[in-house]
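Let's take a friendly walk through a protein model together. Keep the sequence and the 3D view open as you read.

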Amino acid sequence: KLNNPIPGRVAEHISSVATHFKGRVDVWDVVNEHLSSRIDENIFYTTLGDDYVRLALETASKFLPGETRLVWNEALANFRLDDPTITWWLDTLRTYKEESVPIDGIGVQGHNIDKRHNVSDLAVFLQEVVNIGYDVELTEIDAPIKLFSNEADPFMAQGEFFKDYANACLKTGRCKEITFWGLDDNHTWYDGLFTETKPNLPLLIDEEGYMKPAW
């Protein structure tokens, strides 16, 4: 690890992005899906370990002091507090809060791909993050209609699910953003990846541009 060029490359990239978009970006997911990198062992994790998260956030804060909300955004398989991944993340967030690592918010992705997330677990997890001292936000929300196929009215059930999902964040009192992963059912990544279940219809607006019950 002597003369490791990675820290310099990380700092150079972040400073370039921050300088280019200075004054034009309100929120930046500086760190995205780090928990996945611990599994697939990408170059940042294999050379710097978990420290690259701190490096990225501190570098971003240096170039955008107080101008942009800095977010750590993650994709999680579940939100159970006894899950080892969740335990590690919460412990790290407590450490970062104690050491004043610059994080303005924690983002949680809402892709419900093969099954619906447990909304009760989500609510407990988000409240735990807020208790540590961070704002929270829901990002990349979607849920294909196949997950509601056993319901009497799948589209109404999808809408109720999205409502409960959003309320899990709103009830914390520190929910800053709720973002869906696409505008309408005619423009969704699901149909490109999961062609066997097309149309997947995972969003708030249908293929004709009309608002679904979820809206």
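## A turn in the tail segment

Pro199 is found in the segment after helix 8. This is a predicted model, and in it the peptide bond from Lys198 to Pro199 is cis, with omega near -10°. Most peptide bonds are trans, which makes this a nice spot to pause and look.

Stay in that part of the chain for another backbone detail. Leu201 also has its place in the segment after helix 8. Its phi is near 50°, a positive value in a residue other than glycine. Is Leu201 buried or exposed? With a relative accessibility of 13%, Leu201 counts as buried, because the cut-off for buried is under 20%.

## A lysine tucked inside

Now move along to Lys212, which lies in the segment after helix 8 (189-193). Its relative accessible area is 6%, so Lys212 is buried.

What surrounds this residue? Leaving aside neighbours within four places in sequence, Lys212 is in contact with Phe155, Gln158, Asp185, Leu201, Pro202, Leu203, Leu204, Ile205 and Asp206. You met one of these, Leu201, in the section above. Another of them, Leu203, has a backbone oxygen that lies 2.7 Å from a polar atom of the Lys212 side chain.

## A positive phi beside strand 1

Next, find Glu33 in the loop between strand 1 and helix 2 (34-40). Phi of Glu33 is near 60°, again a positive value in a residue that is not glycine. Most residues other than glycine have a negative phi. Glu33 is partly exposed, with a relative accessible area of 29%.

## Helix 1 and its two sides

Helix 1 covers residues 6-20, which makes 15 residues. From its first C-alpha to its last it reaches 21 Å, close to the 21 Å expected at 1.5 Å a residue.

Which residues of helix 1 are buried? They are Ile6, Val10, Ile14, Ser15 and Ala18. These residues cover an arc of only 165° around the axis, and therefore sit on the same side of helix 1. On the other side of helix 1, Arg9, His13, Thr19 and His20 are exposed. Try colouring the two groups in your viewer. The buried residues of helix 1 pack against three elements: strand 1 (27-32), helix 3 (43-48) and helix 4 (51-63).

## Stepping back to the whole protein

How many helices and strands does the protein have? There are eight helices and five strands. Reading along the sequence gives the pattern α-β-α-α-α-β-α-β-α-β-α-β-α.

The C-alpha trace spans about 60 × 35 × 35 Å along its principal axes. A compact globule with 215 residues would have a radius of gyration near 17 Å, and the protein has 19 Å, which agrees.

## Inside and outside

Of the 215 residues, 44% count as buried. Contacts also tell us how the chain comes together. Among contacts with a separation of 6 or more, 71% are between residues 24 or more positions apart.

Finally, look at the outside. The protein exposes about 11400 Å², and carbon and sulfur atoms supply 51% of that area.

Technical notes
Residues are numbered from 1 along each chain as its sequence is written. This is a predicted model: local features need pLDDT of at least 70, side-chain atom pairs count only at pLDDT 80 or more; totals for chains, interfaces and linings use all residues. Side-chain values use heavy atoms; hydrogens and water are left out. Helices (H or I, at least four residues) and strands (E, at least two) are DSSP runs, numbered from the N terminus. The expected span of a helix is 1.5 Å times one less than its number of residues. Buried means under 20% relative accessible area, exposed over 50%, partly exposed in between (1.4 Å probe, protein chains only). The arc is that of the directions from the helix axis to the C-beta atoms. Contact means heavy atoms within 4.5 Å. A polar contact is a pair of N or O atoms within 3.5 Å; within protein, one must be able to donate a hydrogen and the other to accept it, and residues adjacent in sequence count only if both atoms are side-chain atoms. The radius of gyration is taken over C-alpha atoms; the globule rule is 2.2 Å times the number of residues to the power 0.38. Accessible areas come from the Shrake-Rupley method with a 1.4 Å probe; for residues, only the protein chains shown count as cover.
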